[in-house]
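Here are some notes for a colleague who is about to look through this model. They are set out as numbered points, to be read with the structure open alongside.

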Amino acid sequence: MAGLGTGRAVLFVVPALALIAAFLVFPALWTLYLGVLKYDLAGSNAAAPQFVGLGNYTDALTDPRFANSVLLTLAFVGLSAVLGQNGLGFLLAATLRRAVGWVRMLVNGLVLLSWILPGTVVVFLWQALLDRNGGTLNALLDTPGAAWTLDHPLATIVVFNIWRGTAFSMLLYSAALDAVPTSHLETARLYGSGPLRTFRDVVLPRIRGHILTNTLLITLWTFNDFTPYMLTGGGPEHRSETLPVYVYRMSIEGGQLGFGSAISLIMLVINLVIALFYLRLLRRRGG
Amino acid sequence: MATIELAALEKTYPGGVRAVDGLSLTIGDGEFFALLGPSGCGKTTLLRTIAGLEEATGGSLSIGEREVTRLAPGQRDVAMVFQDYALFPHMTVLDNIAYPLRIKRVARAARHEKARQTGDGLELAELMARRPAELSGGQQQRVALARAVVAHPSAFLFDEPLSNLDARLRLSARTFLKRLQRELGVTTIFVTHDQAEALAMADRIAVMEAGRIRQVGTPREVFGRPANTFVANFIGSTPMNLLPATVTDHRLLLAAGSLPAPSGLGARREVTVGIRPEYLDFSATAVPDALSGTVGIVEHLGTSSLVTLETDGGPIGVVVPEEAEPAAGSTGWAVPRPGRVLLYDNETGDLLPT
Ligand SMILES: Nc1ncnc2c1ncn2[C@@H]1O[C@H](COP(=O)(O)OP(=O)(O)OP(=O)(O)O)[C@@H](O)[C@H]1O
Ligand SMILES: [Mg+2]
């Protein structure tokens, strides 16, 4: 081995490994352990948790509320991240390249602002926007009394998440498009290729890796995003209860820590499957 | 195949830079035309304006009888080779070459057949399945050429296509490119800032400065009779000697000696004398009608040497054959060959008719 030598190399890596063990591996194992217990926040099961084996898992998988939550999460991720943030982010990045300086600065600034503001601030602003009585949106659309969060809870959190997260995709795609040399686009243009063709033949193959990486990241982030809870609380009637919200309501509000842990673990597995799927696609690049 | 005609063509960038300043020029059918000039003089801009990648802000442009000033690049029927070659990294050499045909919706088998033929002609037969990243610079350059050739355009536009090659490869690529152009007979505009390249390859050269053309002519004309001191300075691997002189009756008086003056100049006039080092002969003994000085630095150019004579009027370069190399510190005389002394107006810098 070149350079440090094994001994010193290990020494350098140990602190990082210790931190990972303490803050990632241990909680994961602890969750795994909790998942097989009937362990509540209060009552007799809090003092002496009962071993129930896979009981929590079978309970979850047969619970219609869990199935509803999975479907909602898929819809939420698919609509707001994979389609919404991805598409809008790319569109913004592509159009802003041709915009004049100050327009680009302004739009960039606004989009970034929605991304860097703290979640609580943002939710507060959105509540002011969507409020049934005197909300800005109702004033703008002239629809007094419309209860957006109650009548369209899923649409609300989808639009909210697109608004909130598009900046990341926009930045990533801006960088990706910058990496496509102008001479390549111009070569295609000179031979008579239109914008769509050029996009398909020249741009897309070059930014394929960026698209996959971006989609992977925003999928995972959106999947585990808890902010919708602050906007709709998962309601009404569980109609915006994505998996993280479901876990929170079950374990913290409902006090069933063991059950919550089991669902967390299922979420972890789903995350892993998603990540592996994208990584496989990525590895096939250029093949 | 087509003639290219520029009429008062103008390109001003939004920032106000006038990169092409009212150029009028006709490039003949099948001609190999070089645009030469120092960095920033507007060569690339002119080429891109002809291609349609930049919109002309004035004047007009026609390619083969067709007015194209307002046409989109794809409709002008020109092929351009960029300095970075612009090969698509995700396509094989074959697909890269076939790309223009793919846009024209030629069937797959037919376009691959055509691309193979073209590739064979450019010594690319073995490389068809590779990606651009797996090619040397010279091979990449030939792929870019093949892609331009396969499109069968009315004109080729080359923006410094040889500048990414090492010195040796550049020489062979020059020959190669010139032969290819001769065989295809396609009108070609070639941008370069390397005067040797332009002299070696072009049928005609336009020397540009700050968006304007300072001289158009054959390599022989541009080298032998530069139309002004700018061109005189720019062309030639060894810079031209430009020396102040006074015209009296039938003599040119220089600080380093006097030369016979051409007739019809009038008397008592200040001019600049221009003589290429290649057109001066060296003499170790005193001769009439020569410029004298002390031998300073001697630079070896291969089969000849560039001798710098230190004179009262500044240094004078003389090219001498290697066997006649003088010793440093000795006195020497530089004799201009007949008809090679050029006179430039001091005010305008233009060549005076002699
Ligand atoms: N997109 C642009 N916007 C504004 N000015 C430009 C632009 N492109 C070039 N210029 C300016 O126009 C002038 C001519 O540039 P151009 O690239 O045509 O020079 P060039 O002769 O090709 O030089 P080089 O030999 O260095 O490639 C320069 O002063 C340059 O700064
Ligand atoms: Mg240039």
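The points below deal with a predicted model, taking chain A, then the two sheets of chain B, and then the interface.

1. For chain A, the unreviewed UniProt entry lists "transmembrane region" at residues 9-33, 70-93, 105-126 and 257-279. Two of these spans can be set against the model: residues 70-93 of chain A are 100% helix and 0% strand, with end C-alpha atoms 32 Å apart, and residues 257-279 of chain A are likewise 100% helix and 0% strand, with their end C-alpha atoms 33 Å apart.

2. The unreviewed entry in UniProt also places the feature "domain: ABC transmembrane type-1" at residues 71-278 of chain A. In the model this span is 80% helix and 0% strand, and its end C-alpha atoms lie 20 Å apart. As the name comes from the UniProt record, I would keep it separate from what is computed on the coordinates.

3. Turning to chain B, one open sheet has four strands in the order β2-β1-β4-β5, with antiparallel pairing. Its edge strands are β2 (18-27) and β5 (66-67) of chain B, each of which pairs on one side only. Helix α1 (residues 43-51) of chain B packs on this sheet, where it touches β1 (4-12), β2 and β4 of chain B, and its direction makes about 115° with that of β1(B).

4. How many bridges join β4 to β5 of chain B? Strand β4 (residues 58-63) of chain B is joined to β5(B) by two bridges, and the strands run antiparallel; one residue pair to inspect here is B:Ser62, whose bridge partner in β5(B) is B:Glu67.

5. A second open sheet of chain B has six strands in the order β6-β7-β8-β3-β9-β10, with mixed pairing. The edge strands, each pairing on one side only, are β6 and β10 (212-217) of chain B. Neighbouring strands of this sheet are turned by 20° against each other on average, when direction is ignored.

6. Within the six-stranded sheet, strand β3 (residues 32-36) and strand β8 (residues 187-192) of chain B pair in the parallel sense over five bridges. In this pairing B:Ala34 has B:Phe190 of β8(B) as its bridge partner.

7. Which strands does α1(B) lie across in the six-stranded sheet? The helix lies across β3, β6, β7 (155-159), β8 and β9 (204-209) of chain B, and runs at about 150° to β7(B). Helix α4(B) also packs on the sheet, touching β6 and β7 of chain B, with its direction at about 175° to that of β6(B). Helix α1(B) thus touches strands of the four-stranded sheet and lies across strands of the six-stranded one.

8. At the interface, 26 residues of chain B are in contact with 18 residues of chain A. The area buried between the two chains is about 1900 Å², of which carbon and sulfur atoms give 56%.

9. The polar side of the interface can be described by pairs: the count between chain B and chain A is two salt bridges, and one of them joins the side chains of A:Asp201 and B:Arg102 at 2.9 Å, N to O. Across the interface there are also seven residue pairs in polar contact, with both residues at pLDDT 80 or more. On the side of chain B that touches chain A, at least two residues each come from α1, β6 (78-81), α2 (93-103) and α4 (137-150) of chain B, and α2(B) gives the most, with four residues.

Technical notes: Residues are numbered from 1 along each chain as its sequence is written. Chains are lettered from A and ligands numbered from 1 in the order in which they are written. This is a predicted model: local features need pLDDT of at least 70, side-chain atom pairs count only at pLDDT 80 or more; totals for chains, interfaces and linings use all residues. Side-chain values use heavy atoms; hydrogens and water are left out. UniProt positions are given in the numbering used here, feature names are shortened, and annotations may be inferred rather than shown by experiment. Two strands pair if DSSP finds at least two bridges between them. Contact means heavy atoms within 4.5 Å. Axes are lines fitted to C-alpha atoms, for helices over the stretch in contact, and angles run from 0 to 180 degrees between N-to-C directions. Buried area is the accessible area (1.4 Å probe) that two parts lose on being put together, summed over both. A salt bridge is a side-chain nitrogen of Lys or Arg within 4 Å of a carboxyl oxygen of Asp or Glu. A polar contact is a pair of N or O atoms within 3.5 Å; within protein, one must be able to donate a hydrogen and the other to accept it, and residues adjacent in sequence count only if both atoms are side-chain atoms.
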